[in-house]
Amino acid sequence: MEQRPSHQDSLGERAREGTSGGGRGSAVWTLLIVGAATFMAALDNLVVTTALPVIRDDLGGKLSDLEWIVNGYTLPFACLLLLGAALGDRFGRRRVFGFGVALFTLASAGAALAATTGELIAARALQGAGAAIILPLSLTLISAAVPKERRGMAFGIWGAVNGLAVAAGPLVGGAITEHLTWQWIFWLNVPIGLALLPLVRTRLVESRGGDGRLDLPGTALVSGGLFGVVLSLVRGHEHGWSSGPVVAGFVLGGLLLVAFVAWELRTEAPMLPMRFFRSRTFSVINAASLLMFAGMFGSIFLLTQFLQLIQGYSPTEAGLRMLPWTGMTLLVAPLAGFLTDRIGGRTVVATGMTLMAAGLGWMALLAEPGVSYGAQIPAFVISGAGMAMFFAPTGAMVMSSVQPHEEGIASGVNNALREVGGALGVAVLASVFASQGGYETPETFTDGLVPALWIGSALLLVAAALVLLIPRNPVRPPATPATPGSTPDQAEATLAPVGAPV
């Protein structure tokens, strides 16, 4: 008797074929489109850091206003990632992704036209909201368009683009500010966004997660909780960790997150099913992501200042000298993705975190005012290779730890924790730096830099140790209904494309 293909197998074929002829062409277009959009969103996280002195001369404002030009982007970005993922699962990932690109493009034009720091901060907040939609949905769009056996390489390319954008932000911002004007940091996004919008509509495959109702109470609780925690993280160093507003933010944010967990455990249609955390792979890779971003962001934040303030390089020169670190992402991440398809992500990520920890430790041993740039290059290369080996496999590992119709929210969780980790790393390493040194002399700067780099290295070693707890051959959890009252088959059916691009 001939064996009929299973329902799940046929759905997998439909998902791989896509709606535009599918196959390789659809996958390539998806990578190009989401890669360009992700690069814009990730780049703007740190692109203004080297332009702040010029912006202050042009628009005026206090030091706290300049800090909010950065934090105004970070806060909505971190707090709305889960909402962005949930909206994509509910209304269609391609459709909501297109809205995110449009919002980000419009906000970029608003930032370029800003006449006051208040207007710029508002535009940056809208940029952060657009980025919170773009980033988590980019992974789910790739997952829907690329066959399973090639996803490691695809996520490796995505990781290379994302990592390069994050690390290159200060270089790009410094170069544009130095040779054009700071407004062009934002104007450059506008033609890219406008070119992407028709391609999103005509070239991306539509897919959805569950089609149940939105979990509005859960959305409000998690967004408010993340806002309180991240706000206190970014304000802690300025106002003091024991100050009333900072402590209140941590306490209220923590209480809201506890209430979020309690709500998700009892509601029929949770935004974030708590059973995700029964998966050792999901729990561990998210904890490692938080620690990795803490070590990476905090270290880059201080090292770029070391190159400029202590070694006397301009913003552009400092960014160029970071290329042995940042450029390694572009070279190594696709190779790491290829290895992930062959040997799994566990070994690749653990090796990467160990290499990055070694690179930061090497920098800590070298750090002194007169150290030559040539002596720093090997440490930069090792750190960059390790960072790339993290970015490449983690997307695939997160996606494989949940069911296909749950990939959007899983991606949102991972990206939210990365953003919280970045804010945590800058806050903790800056506090260590301030307690042990300062900006008074080159010697006091390195007195603070060295222990901060050792803390960053320790965070990465903990991340490497955690990754080794992931099973060698993790198995995707069994299918569960996507919505109350749906059957497993209905839940699986959300994999299938739901609309053809025209």
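**Group meeting: a walk through an all-helix chain**

Okay, let's start with the surface: the chain exposes about 19,500 Å², and 66% of that comes from carbon and sulfur atoms. Keep in mind throughout that this is a predicted model.

On the overall make-up, we have 20 helices and zero strands. The chain runs to 502 residues, and 57% of them count as buried. As for contacts, take the ones between residues at least 6 apart in sequence: 84% of those join residues at least 24 apart.

So much for the overview; on to the inside.

The largest nonpolar core has 75 residues. Which of them touch the most other members? They are Met 292, Met 296, Trp 325, Met 353, Met 363 and Leu 449. Quite a few helices each put in at least two residues, namely H4 (63–79), H5 (81–91), H11 (216–239), H13, H16 (345–366), H17 (373–400), H18 and H19 (442–467). The top contributor is H13, which gives 16 residues. There is also a second, separate core of 32 residues, and among its members are Leu 81, Trp 158, Ala 396 and Ala 416.

Let me pick out Leu 449 from that first list. If you skip its neighbours within four places in sequence, Leu 449 is in contact with Leu 302, Leu 303, Phe 306, Ala 367 and Phe 433.

Next up, H18, where I have two residues to show you.

The first is Leu 429, which sits in H18. Buried or exposed? Leu 429 counts as buried because its relative accessibility is 0%, and the cut-off is under 20%. Setting aside residues up to four places away in sequence, Leu 429 touches Gly 295, Gly 298, Ser 299, Leu 302, Ala 452, Ile 455, Gly 456 and Leu 459. Look at Gly 456 in that list: Leu 429 and Gly 456 are 27 residues apart in sequence, yet their C-alpha atoms are 7.3 Å apart in space.

The other one is Arg 418, also placed in helix H18, which covers residues 407–436. Arg 418 is buried, with a relative accessible area of 2%. What does Arg 418 touch? Again not counting residues up to four places away in sequence, the list is Trp 158, Asn 162, Ser 289, Phe 293, Phe 390, Phe 391 and Thr 394. And yes, that Trp 158 is the one I named in the second core.

While we're on polar side chains, have a look at Asn 286 in H13. Asn 286 is buried as well, with a relative accessible area of 2%. Leaving out its neighbours within four places in sequence, Asn 286 is in contact with Val 413, Asn 414 and Leu 417.

A quick stop at H5. Its buried residues include Leu 81, Leu 82, Gly 84, Ala 85, Ala 86, Gly 88 and Asp 89. Right after H5 comes Gly 92, and its phi is positive, near 110°.

Now H12, which has both buried and exposed residues to look at.

H12 has 23 residues, and from first C-alpha to last it reaches 33 Å, close to the 33 Å expected at 1.5 Å a residue. Which residues of H12 are buried? Val 246, Gly 249, Gly 253, Phe 260 and Glu 264 are. It helps to recall that an α-helix has 3.6 residues a turn, so residues three or four places apart point the same way.

On the exposed side, Leu 255 is in H12. Leu 255 counts as exposed because its relative accessibility is 55%, and the cut-off is over 50%. Leu 255 joins Val 247, Val 251 and Leu 252 in a nonpolar surface patch, with about 360 Å² of accessible area together.

Then there's Ala 259, also in H12. Ala 259 counts as partly exposed, at 31% relative accessibility. The C-alpha atoms of Ala 259 and Gly 225 are separated by 9.0 Å, although the two are 34 residues apart along the chain.

Last stop, just past that helix. Where is Pro 273? You'll find Pro 273 in the loop between H12 (244–266) and H13 (280–310). Pro 273 is buried, with a relative accessible area of 12%. Its C-alpha is 9.2 Å from that of Val 261, twelve residues apart along the chain.

That's my tour; happy to rotate the model to any of these spots.

How values were computed. Residues numbered from 1 in each chain as written. Predicted model: local features only at pLDDT ≥ 70, side-chain atom pairs only at ≥ 80, totals over all residues. Heavy atoms only, no water. Helix = DSSP H or I, 4+ residues; strand = E, 2+ residues; numbered from the N terminus. Buried < 20%, exposed > 50% of the residue type's maximum accessible area, 1.4 Å probe, protein only. Patch = residues over 30% accessible without salt bridge, like charges linked within 9 Å, V, L, I, M, F, W, Y side chains within 5 Å. Areas by Shrake-Rupley, 256 points an atom, 1.4 Å probe, with all protein chains shown as cover. Salt bridge = Lys/Arg side-chain N within 4 Å of Asp/Glu carboxyl O. Expected span 1.5 Å × (residues − 1). Contact = heavy atoms within 4.5 Å. Core = buried A, V, L, I, M, F, W, Y, C linked by side-chain atoms within 4.5 Å.
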